[in-house]
Amino acid sequence: MSPLPLVKVAMPPRERLMPALEEVLYSGMIGEGEAVYDFERRFCAQFGLPVALATSSGTGSLHVALLLAGAGPEREVITTSMTAEPTNTVIMQTGATPVFADVDPDTGNLSPDAIRAAISERTAAICVVHYAGYPADLAALRSIADAHGIALVEDCAHALGARYAGKPIGTIGDSAIFSLQAIKHMTTVDGGILALRDADQTLLAKQFRWFGLTKGVPRTEVDLKRPGFKYNMSNVTATIGLAQLEHIDSLIARHRDNGRFFDRELAGIAGLRPAPVATDADPSYWLYTLLADNSDEVERCLGAIGVNASKLHRPNHLHSAFAPFAGPLPGLERFYDRLIHIPCGWWVDDEDRQRIVDALAKG
Ligand SMILES: Cc1ncc(COP(=O)(O)O)c(C=O)c1O
């Protein structure tokens, strides 16, 4: 039997998806069009976002979000090293300097105090990642951003369906991005969402998404003022997204149910501690984050019962490309040393999760 994976691709039922895909593939309208706009409207409604633009990736969405936030040469973006690399590659691609602030040693999310210490007159934005689907301290981050007149960009790639202070994740920052890449809560194979708080930024964001051009204006008349990118979504991937939206709520509910089960059941086990959930936060548990006195031992223990567990990411400042921008990060070191992710997604059933708890309790 293959091991219980840490991440897994979720596809809609074949009988729902295949006829819709066949129809769009042979419709003669496979690029950006009505399916994309329909997907954007429904995504907005389902996840409580004011404006959502569909893109080719979370990375592309974040690139545009940072440009809208004013990131560029001579500017800095305060960011986290405890993330997937694209959070920080795009900061550098804007020409801005990433400034790595330390994280809370128990959650892996950016520490408000470390952000305050990192602010300078060159700061354009704070880029916060809700690591593994656990919302960061958004109340503190919003007030820091407001006090300094800088943008707050939420990287919600891990956090689809999470909430903070009763609000949908992605609505407290000035902008937010979601990833629809293969192994996230929801996939369109590849794809992303850019959510904007200020609807006035929509036209510019759409231009960044499509070469710098304005859709709908005849190509012979349109004036390209600032080069953009090719970050648009296609009708084909949007068709997958539309089918995904029909079952995503129940999948996220299962992530959440498993996460809460582990929060309860693992709390009393010696040598282990569930990552704490921030006050007012309702995580969507893309990955379950466990802190262990000996994370290698947990990996071995679960491996022995056919369950994959791992750290998954590499702190970005350990890469040569980012190393020059990092100072001491003791909180991150303490977090990463104890970190071990265990499976908690929709594919983890009642028996699996009990098996995991029993194995960890036995040690
Ligand atoms: C935290 C984080 N930000 C951004 C991204 C980029 O998303 P995508 O792979 O859709 O480009 C990812 C996923 O790879 C991610 O995990």
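This is a short conversation about the pockets, the ligand and two backbone angles in a predicted model.

Guide: Welcome! Residues are numbered from 1 along each chain as its sequence is written, and side-chain values use heavy atoms, without hydrogens and water. Because the model is predicted, local features need pLDDT of at least 70 and side-chain atom pairs count only at pLDDT 80 or more, while totals for chains, interfaces and linings use all residues.

Visitor: What makes a space a pocket, and what makes one a cavity?

Guide: On a 1 Å grid over the protein atoms alone, a cavity is a set of points where a 1.4 Å probe fits but cannot get out; a pocket is an open set with protein on both sides within 12 Å along at least five of seven lines. The largest pocket holds about 280 Å³ of space, a volume being the space filled by probe spheres set on the points, which are joined across faces, edges and corners.

Visitor: How do you know which residues line the largest pocket?

Guide: A lining residue has an atom within 4 Å of a point. For the largest pocket there are 21, with A84, P86, A157, S179 and K184 lying nearest its centre. Helix α3 gives the most, three residues; helices (H or I, at least four residues) and strands (E, at least two) are DSSP runs numbered from the N terminus.

Visitor: Why is the largest pocket said to lie between domain 1 and domain 2?

Guide: Domain 1 (14–245) and domain 2 (248–362) both supply lining residues, so the largest pocket lies between them. The bounds come from an automatic or database domain assignment.

Visitor: What makes D155 a polar contact of the ligand?

Guide: A polar contact is a pair of N or O atoms within 3.5 Å. A polar side-chain atom of D155 is 2.7 Å from a ligand nitrogen atom, so the pair fits that definition. Oxygen atoms of the ligand also lie 2.8 Å from an N or O atom in the side chain of H158 and 2.7 Å from one in the side chain of S179. The protein covers 90% of the 390 Å² of accessible area that the ligand has on its own (Shrake-Rupley method, 1.4 Å probe).

Visitor: How many cavities of 30 Å³ or more are there?

Guide: The count is one, and the largest cavity has a volume of about 40 Å³. Its lining includes C156, A157, S179 and K184.

Visitor: What is notable about the phi of V189?

Guide: V189 has a positive phi of about 85° although it is not a glycine, and V189 sits in the loop between β8 and β9 (192–196). D280, also not a glycine, has a positive phi of about 75°.

Definitions and conventions. Polar contact = N/O pair within 3.5 Å; in protein donor to acceptor, adjacent residues only side chain to side chain.
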